[in-house]
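Got your viewer open? Let's take a short walk through this model, from the whole chain to a single side chain and back.

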Amino acid sequence: GQTVQCETNCPAHVNVPAYIALTGQGDYDQAINMIRKDNPFPTACALICEHPCEMRCRRALIDAPINIRGIKRFAVDQIAADQVPVPDALPVTGRRIAVIGGGPSGMTCAYFSALMGHSVDVFEGRQKLGGMMRYGIPAYRLPRERLDEDIRAVLGAGDIEVRTGCDVQTDEMRTLVDEFDAVYV
């Protein structure tokens, strides 16, 4: 099916009309889970997204675009992401996935892999997860405690083990390729 323009312009292709409707109904936990269907970082995106969805908002044909990012922010300000249960994981597959890097990409891979029933090991060189969201974006734009809400929710998605302070080099990579069913870098 064809998507609406706001959804098409969203880099994560989040179902914008659905989470706006859920937020309007006061169903904030379901709004957060609607965002999570495509993006496991609803809080981070509510605070820092460049909101390209608003450039193609149909409401602009009448007067002005809807404040789409602001609505997402309102939803995550009503209930913290780590207080909203993530969807149940599928049955355990017995497959193991190594994720190199605990930034947005690696944690997204870990989240969706765990929901699919896979066991995930995240190897992060720094002491904390979040990658450029933690170390590249100023705290006044993305408060670390709010980022941690999203990360705690991601880690609640299933069988995810995190190893921080673990800088994977070429030799370790060869071992991981043999030890795991898949490696995501």
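Helices here are DSSP runs of H or I with at least four residues, numbered from the N terminus. Keep in mind that you are looking at a predicted model.

**First stop: a helix.** Select residues 144-155, which form helix α8, and pick out Asp 150 within that helix.

**Second stop: the acid itself.** Show Asp 150 as sticks. Is Asp 150 buried or exposed? Asp 150 is buried, and it has no salt bridge. Now add Arg 36, the nearest side chain of opposite charge, which is 5.9 Å away. A salt bridge needs a side-chain nitrogen of Lys or Arg within 4 Å of a carboxyl oxygen.

**Third stop: the polar partner.** Which side chain shares a polar contact with that of Asp 150? Select Thr 43: the two side chains are joined by a polar contact of 2.9 Å.

**Fourth stop: the neighbours.** Leaving aside residues up to four places away in sequence, Asp 150 touches Pro 40, Phe 41, Pro 42, Thr 43, Ala 44 and Ala 81. Select them together with Asp 150 to see who surrounds this side of the helix residue.

**Last stop: the whole chain.** Zoom out and colour by secondary structure: you should find 9 helices and 4 strands. Their order from the N terminus is α-α-α-α-α-β-α-β-α-α-β-α-β. The radius of gyration is 18 Å, close to the 16 Å from the globule rule for 185 residues, so the chain is as compact as a globular protein of that length. Its C-alpha atoms fill a box of roughly 60 × 35 × 30 Å along the principal axes. Of the 185 residues, 41% count as buried.

Terms used. Residues are numbered from 1 along each chain as its sequence is written. This is a predicted model: local features need pLDDT of at least 70, side-chain atom pairs count only at pLDDT 80 or more; totals for chains, interfaces and linings use all residues. Side-chain values use heavy atoms; hydrogens and water are left out. Helices (H or I, at least four residues) and strands (E, at least two) are DSSP runs, numbered from the N terminus. Buried means under 20% relative accessible area, exposed over 50%, partly exposed in between (1.4 Å probe, protein chains only). Lys and Arg count as positive and Asp and Glu as negative; His and the chain ends are not counted. A polar contact is a pair of N or O atoms within 3.5 Å; within protein, one must be able to donate a hydrogen and the other to accept it, and residues adjacent in sequence count only if both atoms are side-chain atoms. Contact means heavy atoms within 4.5 Å. The radius of gyration is taken over C-alpha atoms; the globule rule is 2.2 Å times the number of residues to the power 0.38.
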